[in-house]
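Trainee: Got a minute? I'd like to walk through this one with you.
Mentor: Sure, pull it up.

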Amino acid sequence: LPKQNATMNIVGAAAFFVVSVPVSALNGVDDNRNGTLALAEIQAHNRDIQRQFEARFHVSSDGVPGQAVLSWVLSPTSDGTPTEDDYVVVMHRANFAQAPANPVLETDLFGTGPGESQMTVTATQGKTTEVAILEAGASKHTFFRGKLVTFVDFVRIGVEHIWSGMDHLLFLLTVLVVGGGWRYWLGIVTSFTVAHSITLALSALNVVRIPAGTIEPGIAASIVVMALANLWLMRGGSPRSVAGRVAIVFGCGLLHGFGFAASIGAMAVDTGNRLATLAGFNVGIEIGQFLFVGALGLLAGILARTGRIRLDHRAPQLASVVAVGLGLVLLVQRIGAT
């Protein structure tokens, strides 16, 4: 089972789980404090890991907790090769008096390492599949509530994603910093929206897939390209060719759409509510973008009216130079990580 993932399979009145638990989320089991567990450490602390898991991983139905029947701790390595891993796999079973219609899952088994603040849970009951992302502050989810609730949940996730994605916001800022009025801003954002919506849908529906190791450096490169386009196209403080900028933004938006699809992984593919998932996530991204654009416009208006800053051609030129530098840093980091 990959890191930060869990599966829940409801069969009759029983819930079966396979859960990856980061070592950094557990207390007193990492003897040498190196952030990983060898097989000997797993064996020595097996019962302690079970107790911690059962105390911090809860499933209930109609307010009644499931009865823990089994918790079995395993190394994520299945071929017998001695390794040390930064997470363990727990197989767990909980029983209910009757089949749970809307099981509620809650846990705080999140780690402190990179990428360990979330857990993606794939739940199955008969022919119905649903995927939820649990994280600190949103560590509880009720499954199988229907398409509308799924849509609303992923609107929230989309808004959070765009506001937490420095690369996407930096790209938008680089695009919009040259000014041009609300019609120009609306045209640019619409171009970006249409483009990333196309590739988000194609990728999430498994029509076209591009590895994240290619997409992430490409997104960083798009920031550099857009900032350089600012410096090349701006003459006298205004874009030289609006049509050319829209075309560049559209091309970059196609790339960003693959990045959005990678962020939700298999959710739009595996879940029975995949269309609700995809639509909600995309709507959330658009809401997040327009909130950002609105905040940027409001800030620019306030600064211009108060005279605190002079918004002439030097401001977008300076911002573009900074964006080139930040984009290059991201590009080098992401190439080095692949």
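Mentor: One term before we start: a contact here means heavy atoms within 4.5 Å. With that, take contacts between residues at least 6 apart in sequence: 71% of them join residues at least 24 apart. Keep in mind that this is a predicted model.

Trainee: Okay. How many helices and strands does the protein have?
Mentor: Ten helices and 14 strands. The chain has 338 residues, and 45% of them count as buried.

Trainee: Let's do the sheet with strand 4. What order do the strands come in?
Mentor: The order is 5-4-9-12. That makes four strands in an open sheet, with antiparallel pairing.

Trainee: Which strands stand at the edges?
Mentor: Strand 5 (64-65) and strand 12 (140-142). Each has a single partner strand, so one side of each has no neighbour in the sheet.

Trainee: And in the middle, how many bridges join strand 4 to strand 9?
Mentor: Four. Strand 4 covers residues 57-61 and strand 9 covers residues 104-107. For one example, S60 has V104 in strand 9 as its bridge partner.

Trainee: What lies across those two strands?
Mentor: Helix 2, residues 46-56. It runs at about 40° to strand 4.

Trainee: Switching to rings. How many aromatic pairs are there?
Mentor: Five. Take F53 and F57: their ring centres are 4.7 Å apart and their planes are at 20°, so this pair is stacked.

Trainee: Are those two buried or exposed?
Mentor: Both F53 and F57 are buried. Ring pairs also bring in F17, giving a cluster of F17, F53 and F57.

Trainee: Give me another pair.
Mentor: F171 and F192. Their centres are 5.3 Å apart, with 35° between the planes, and the pair is tilted. It links distant parts of the chain, with the two positions 21 residues apart: F171 is in helix 4 (residues 166-176) and F192 is in helix 5 (residues 181-204).

Trainee: Why do they count as buried?
Mentor: The cut-off is under 20% relative accessible area. F171 is at 0% relative accessibility, so it counts as buried. F192 is at 1%, so it counts as buried too.

Trainee: F171 again. Which residues touch the most other members of the largest nonpolar core?
Mentor: F171, V175, L176 and F281. That core has 37 residues. Helix 5 gives the largest share, seven residues. The elements giving two or more residues include helix 3, helix 4, helix 6 (212-233), helix 7 (242-263) and helix 10 (314-337).

Trainee: What does L176 touch?
Mentor: W185, I188, V189, V293 and L296, leaving out residues up to four places away in sequence.

Trainee: And what lies apart from that core?
Mentor: Another core, of 31 residues. A15, V19, L109 and L134 are among its members. As a general point, nonpolar side chains in soluble globular proteins tend to be buried together.

Trainee: Helix 3 next. How far does it reach?
Mentor: It reaches 25 Å from its first C-alpha to its last, close to the 26 Å expected. It has 18 residues, 147-164.

Trainee: Which of its residues are buried?
Mentor: T150, D153, F154, V155, I157, G158 and I162. An α-helix has 3.6 residues a turn, so residues three or four places apart point the same way.

Trainee: Back to T150. How far is its C-alpha from that of L275?
Mentor: 9.7 Å, although the two residues are 125 residues apart along the chain. L275 is in helix 9 (residues 274-306). With a relative accessible area of 59%, L275 is exposed.

Trainee: Last topic: backbone oddities. What is the phi of Q4?
Mentor: Positive, about 55°, although Q4 is not a glycine. Q4 is in the segment before strand 1 (5-11). At 8% relative accessibility, Q4 counts as buried.

Trainee: And F144, where is that found?
Mentor: In the loop between strand 12 and helix 3. F144 has a positive phi of about 60°, and it is not a glycine either. Its relative accessible area is 14%, so F144 is buried.

Definitions and conventions:
Residues numbered from 1 in each chain as written. Predicted model: local features only at pLDDT ≥ 70, side-chain atom pairs only at ≥ 80, totals over all residues. Heavy atoms only, no water. Phe/Tyr/Trp six-rings, centres within 6.5 Å; stacked < 30°, edge-to-face > 60°. Buried < 20%, exposed > 50% of the residue type's maximum accessible area, 1.4 Å probe, protein only. Pairing = 2+ DSSP bridges. Axes fitted to C-alpha atoms, helices over the stretch in contact; angles between N-to-C directions. Expected span 1.5 Å × (residues − 1). Core = buried A, V, L, I, M, F, W, Y, C linked by side-chain atoms within 4.5 Å.
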